[in-house]
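Reader: I am in my first year and would like a close look at one part of this structure, the inside. Please take me through what is packed there and how the pieces connect.

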Amino acid sequence: MLLLGSAMLAPAACHAQAKCPWINEATAQGIVGGAVTATVKVSEHGSGICNFSRRQGAAVHELRISVNFMTDIPKQFPIYLAQCPPKSTPLRAVGNEAVTFSNQGQAEQYAEIVVGRVRDQAFVVSVSSSVKDDPSMTPESRREKANLVAEQIAGILF
């Protein structure tokens with residue numbers, strides 16, 4: 001009888017947290033270097049944002065993924081690309097028209113960003129640190145991590 005009562009209470013004790021449809025929490029932890037705080041806002045249609053952050057001393061490390069459906073690709077996708085500097089580096093084999101660039105010091109974030117699309121879905125991946133010369137999250141490591149996450153996102157969106 002006690003087991004039956006415990007089994008009936010178990011669902012009430014377990015609360016599911018919102019899950020990011022494009023990356024799991026364990027992978028996000030590997031990207032930012034440890035336990036994360038996750039904020040997920042995804043619509044029923046599949047557009048949305050997943051944000052994973054971790055405070056490490058004075059630094060805040062963050063992985064941000066945004067995916068949005070476009071109804072008019074030739075009009076809408078250039079709006080996403082407009083946030084990229086003119087000489088952004090093209091990424092081969094990562095969705096369609098993907099580019100990567102550095103965003104150094106705007107809004108006190110030092111980030112490596114990938115902007116791309118898969119069919120009618122635009123995606124933006126950002127890996128950032130709040131500290132300029134962060135030895136645990138160098139620009140090179142941020143770039144590598146952003147590119148790896150972008151590959152994963154593009155693969156899932158296909």
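Author: What follows goes through the interior, then one covalent link, then the confidence of the model.

This is a predicted model, and the mean pLDDT of its chain is 86. Begin with the largest nonpolar core, which has 28 residues. Within that core, Leu63, Phe123, Val125 and Ile153 touch the most other members. Several elements each give two or more residues to the core: helix 2 (25-32), strand 2 (48-56), strand 3 (59-69), strand 6 (109-118), strand 7 (121-129) and helix 4 (139-157). The largest share, 6 residues, is supplied by helix 4.

Helix 4 can be looked at by itself. From its first C-alpha to its last, this helix of 19 residues reaches 26 Å, close to the 27 Å expected at 1.5 Å a residue. Its buried residues are Arg142, Lys145, Ala146, Asn147, Val149, Ala150, Ile153, Ala154 and Leu157. Take Ile153 from that list. Leaving aside residues up to four places away in sequence, Ile153 touches Trp22, Ile65, Val67, Phe123 and Val125. Two of these partners, Phe123 and Val125, were named above with Ile153 among the residues that touch the most other core members. Apart from this core lies another, of 11 residues, including Met70, Val99, Phe101 and Ile113.

Now for the covalent link. The model has 1 disulfide, which joins Cys20 to Cys50 with an S to S distance of 2.2 Å. The torsion about this S-S bond is about 100°, so the disulfide is right-handed. Cys20 sits in the loop between helix 1 (2-13) and helix 2, while Cys50 belongs to strand 2, so the bond ties together parts that are 30 residues apart in sequence. Buried means under 20% relative accessible area. Cys20 has 12% relative accessibility and therefore counts as buried. Cys50, with a relative accessible area of 0%, is buried as well. Cys84 also counts as buried because its relative accessibility is 13%.

Last, consider how far the model can be trusted. Of the residues in the chain, 86% reach a pLDDT of 70 or more. Over residues 1-16, however, pLDDT stays under 50. For that stretch the model has 0 contacts beyond four places in sequence. Where pLDDT is low, predicted coordinates should not be read in detail.

How values were computed: Residues numbered from 1 in each chain as written. Predicted model: local features only at pLDDT ≥ 70, side-chain atom pairs only at ≥ 80, totals over all residues. Heavy atoms only, no water. Core = buried A, V, L, I, M, F, W, Y, C linked by side-chain atoms within 4.5 Å. Buried < 20%, exposed > 50% of the residue type's maximum accessible area, 1.4 Å probe, protein only. Helix = DSSP H or I, 4+ residues; strand = E, 2+ residues; numbered from the N terminus. Contact = heavy atoms within 4.5 Å. Disulfide = S-S within 2.5 Å. Expected span 1.5 Å × (residues − 1). pLDDT = per-residue confidence, 0-100.
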